Amino acid sequence: FRAWHHEIWTLDQAVRFEQEGETRRIVVENFGAAIMPTLLRLSREDGKSEDIEIPASYWVENGRRWVREVDATVVSAEVDPERLWMDVDPRNNEAERP
């Protein structure tokens, strides 16, 4: 709770797609100094979705970037789809596949 009660740190998580040849990845980045768990929702062509939780401990232990390979059926990704966190720039919380 230090980030929220004793500091002026901000939370800014963002998502984007990366593609190299046939390999497609989802990249989530934590630009702010505040650390919170990340709920990432992947939407697929068939209308189904998959929720992935990235625990706050990931950001403490591994830095500011999380990457996962995804298949071609993933059409979009969204960080914090329920809008629960106080993200300072929600414009970068959604991405569509290239």
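**Salt bridges, sheets and nonpolar core of the predicted model**

Glu-82 is partly exposed, with a relative accessibility of 46% (buried, under 20%; exposed, over 50%; partly exposed, in between; 1.4 Å probe, protein chains only). The model is predicted, so local features need pLDDT of at least 70 and side-chain atom pairs pLDDT 80 or more, whereas totals for chains, interfaces and linings use all residues. Residues are numbered from 1 along each chain as its sequence is written, and side-chain values use heavy atoms, without hydrogens and water.

The whole structure contains 13 salt bridges (Lys or Arg side-chain nitrogen within 4 Å of a carboxyl oxygen of Asp or Glu). In one of them, Glu-82 is joined to Arg-41, with 3.1 Å between the closest N and O atoms. This pair links distant parts of the chain, since Arg-41 belongs to strand β3 and Glu-82 to the loop between β6 and β7, 41 residues apart (strands: DSSP E runs of at least two residues, helices: H or I runs of at least four, numbered from the N terminus). Arg-41 also meets the side chain of Asp-51 in a salt bridge of 2.7 Å, N to O. Because Asp-51 lies in strand β4 and Arg-41 in strand β3, this pair ties together parts that are ten residues apart in sequence. Both residues are partly exposed: Arg-41 has a relative accessibility of 21%, and Asp-51 one of 41%.

A further salt bridge, of 3.4 Å from N to O, is formed by the side chains of Glu-50 and Arg-68. Here strand β4, which holds Glu-50, is linked to strand β5, which holds Arg-68, across 18 residues of sequence. Glu-50 is partly exposed at 23% relative accessibility, as is Arg-68 at 31%. In addition, shared partners connect the salt bridges of Arg-16, Glu-18, Glu-29 and Arg-65 into one network.

The strands are arranged in open sheets. One contains four strands in the order β4-β3-β6-β7, with antiparallel pairing (two strands pair at two or more DSSP bridges). Its edge strands, β4 and β7 (94-96), each pair on one side only. Within this sheet, six bridges connect β3 to β4, and Leu-40 has Ile-52 of β4 as its bridge partner. The two strands form a hairpin with four residues between them, and Gly-47 in the turn has a positive phi of about 90°. Five bridges join β3 to β6; Arg-41 stands opposite Glu-78, and Leu-42 opposite Ala-77.

Another open sheet consists of three antiparallel strands in the order β1-β2-β5. The edge strands are β1 and β5, each of which pairs on one side only. Six bridges join β2 to β5, and Ile-26 stands opposite Arg-68 of β5.

The largest nonpolar core has 15 residues, and those with the most contacts inside it include Val-15, Ile-26, Leu-40 and Trp-66 (buried Ala, Val, Leu, Ile, Met, Phe, Trp, Tyr and Cys joined through side-chain atoms within 4.5 Å). Two or more residues each are contributed by β1 (13-20), β2 (23-30), β3 (38-44), β4 (49-54), β5 (65-70) and β6 (74-79). The greatest contribution, three residues, comes from β6.

One aromatic pair is present (Phe, Tyr or six-membered Trp ring centres within 6.5 Å; planes under 30 degrees apart stacked, over 60 edge-to-face, the rest tilted). Tyr-58 and Trp-59 form this edge-to-face pair, at 5.3 Å centre to centre and 85° between the planes. Trp-59 is buried, with 4% relative accessibility.
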